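Here is a short guided look at one structure, meant to be read with the viewer open. Take your time and click along as you read.

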Amino acid sequence: MHTFQLKTITLAVFGALILAGCGADSTGKDASGKNAATRLQHAGVITGFGSVFVNGVKYETGRSSVTLDGVASSESTLKVGMVVTLEGDVNDDGVTGTATSIQYADELEGTVSAMNIALDGTGTLTVMGQTVTIDSATVFESDIVSVTAIGNIAVGNIVEVSGYSAGSGSILATRVEVKKAIKEPGDEIELKGVIAGLDTTAKTFMLGALMVHYGDAKVEHTPANGLYVQVKSTTTPSADNMLTASKVEVEGDGDTSMDGETGAEFELEGIVTSIVSSTEFVLNGQHVLVDPGKTEFEHGSATDIILNAKLEVEGTLNADGKLVADEIEFRIAGKVGFEGFLESVDVTAGTVTLRGKTIKVNNLTVMIDKRDENGVIPEHFFDLTDLIAGQRIQVKAYADAGGALIATLLKRENGTVPR
């Protein structure tokens, strides 16, 4: 296992920071004089391993439990791009910690009914009545040999999607994985969303553009408009976009907002799904308040808070369950692409040189190893120490205010410099 990694999170859904009070005094130190750790619980995107990197923090995972869709698993089954819920302690340095549990559950797994993908791999998929948006940060993987890129996805393919959603039928995908070429009898599909258009007589409700019939399903809670649920089925949606559910379960507390006591500190990262006023907006279903005299901004200002803006909020929950923002940081998309043979790598400086350009790899760079030729197994614990001059890589980056190139994605691909 590597001991060095330059990487971190692309997006984070929500998280609570709670000071661990075990023996800590007012200076933040425990009885031994060491800095007290901060208890952390949040959901975030995995962007690298060695152990697990989430939201800029390297979590040691030797003693942590891992579950996938409620089933006990191991760290080796986790993948870059997955949105996970992690509990653990963050050390005083703010960049290392120890995870006690990591849980993953997909946002959607089902059949593709339509695609609108551009040549650059961005666009949308329609999956069981849900619109899945693919952007430059979306991680793609396929278990089907013939599907080598998002643009190769076909109608009928079964895909698993991890990402951000307010439950209204639109998902910004952080990861898309093609699981099967076509659904087979008995295969279970599933999706999450907020119930709308409930018809208790017909036993139907809407999740996005999908109508769900729950009359013969095992229902955990009486359906109600506004209730956040997970629907499972072993059938395929009909031609008129109706799904016969086998099970309807309440997700969390039945809503998409964060759970916590008044005064709890949270981190929330994702996309703006609604604008309420000049001082209030909704991020992944969570209401956020901007305090003009207090809220600090990075890479933008209050006027840049628009629908679908990607940003991170740090703040405190008030008595109404709204997040009062202390800081809002806008995420910058990598709009400049480079692909070719790596000229050099400087692990100490955290840079790579490609096509004569020096590119900085920072704590928001997604690191992926995609080599698969000649029996090569991609590195699960992939970082700059694994790169060698002459290897083929792909980088997406942006130029900061000073003109320096900052990588948002670094992907090692098949191929080396021809000899």
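What follows covers a hairpin, a strand end and an open sheet in turn. Please keep in mind that this is a predicted model.

**A hairpin and its loop**

Let's begin with strands S7 and S8, which form a hairpin with five residues between them. Strand S7 spans 83–90 and strand S8 spans 96–104. Their pairing is antiparallel and runs over seven bridges. If you would like one pair to click on, Glu87 has Ser101 in S8 as its bridge partner. In the turn, Gly94 has a positive phi of about 80°.

Asp93 is found in the loop between these two strands. How does Asp93 count in terms of accessibility? Asp93 has a relative accessibility of 47%, so it counts as partly exposed; the band for that label lies between 20% and 50%. The side chain of Asp93 also makes a polar contact with the side chain of Thr96, at 2.9 Å. Looking further along the chain, Val57 is 36 residues away from Asp93 in sequence, while the C-alpha atoms of the two are 9.6 Å apart in space.

**Ser165 in strand S13**

Next, move to Ser165, a residue of strand S13, which covers residues 158–165. Is Ser165 buried or exposed? Its relative accessibility is 14%, so Ser165 counts as buried, the cut-off being under 20%.

Which backbone atoms does the side chain of Ser165 reach? One is the backbone nitrogen of Gly167, and another is the backbone oxygen of Ser170. Here are the polar contacts of the two side chains visited so far:

| Side chain | Partner | Distance |
|---|---|---|
| Asp93 | Thr96, side chain | 2.9 Å |
| Ser165 | Gly167, backbone nitrogen | 2.8 Å |
| Ser165 | Ser170, backbone oxygen | 3.3 Å |

Setting aside neighbours within four places in sequence, Ser165 is in contact with Glu107, Ser170, Ile171 and Asn284. Ser170 thus appears both in this contact list and in the table as a backbone partner.

**An open sheet of four strands**

The last stop is an open sheet whose four strands come in the order S16-S17-S18-S21, with mixed pairing. Its edges are strand S16 (196–199) and strand S21 (242–244), each pairing on one side only. On average, neighbouring strands in this sheet are turned by 25° against each other, direction ignored.

How do S18 and S21 run? Strand S18, made of residues 210–213, runs parallel to S21, and three bridges join them. Within this pair, Met211 has Met242 in S21 as its bridge partner.

Note on methods:
Residues numbered from 1 in each chain as written. Predicted model: local features only at pLDDT ≥ 70, side-chain atom pairs only at ≥ 80, totals over all residues. Heavy atoms only, no water. Pairing = 2+ DSSP bridges. Axes fitted to C-alpha atoms, helices over the stretch in contact; angles between N-to-C directions. Buried < 20%, exposed > 50% of the residue type's maximum accessible area, 1.4 Å probe, protein only. Polar contact = N/O pair within 3.5 Å; in protein donor to acceptor, adjacent residues only side chain to side chain. Contact = heavy atoms within 4.5 Å.
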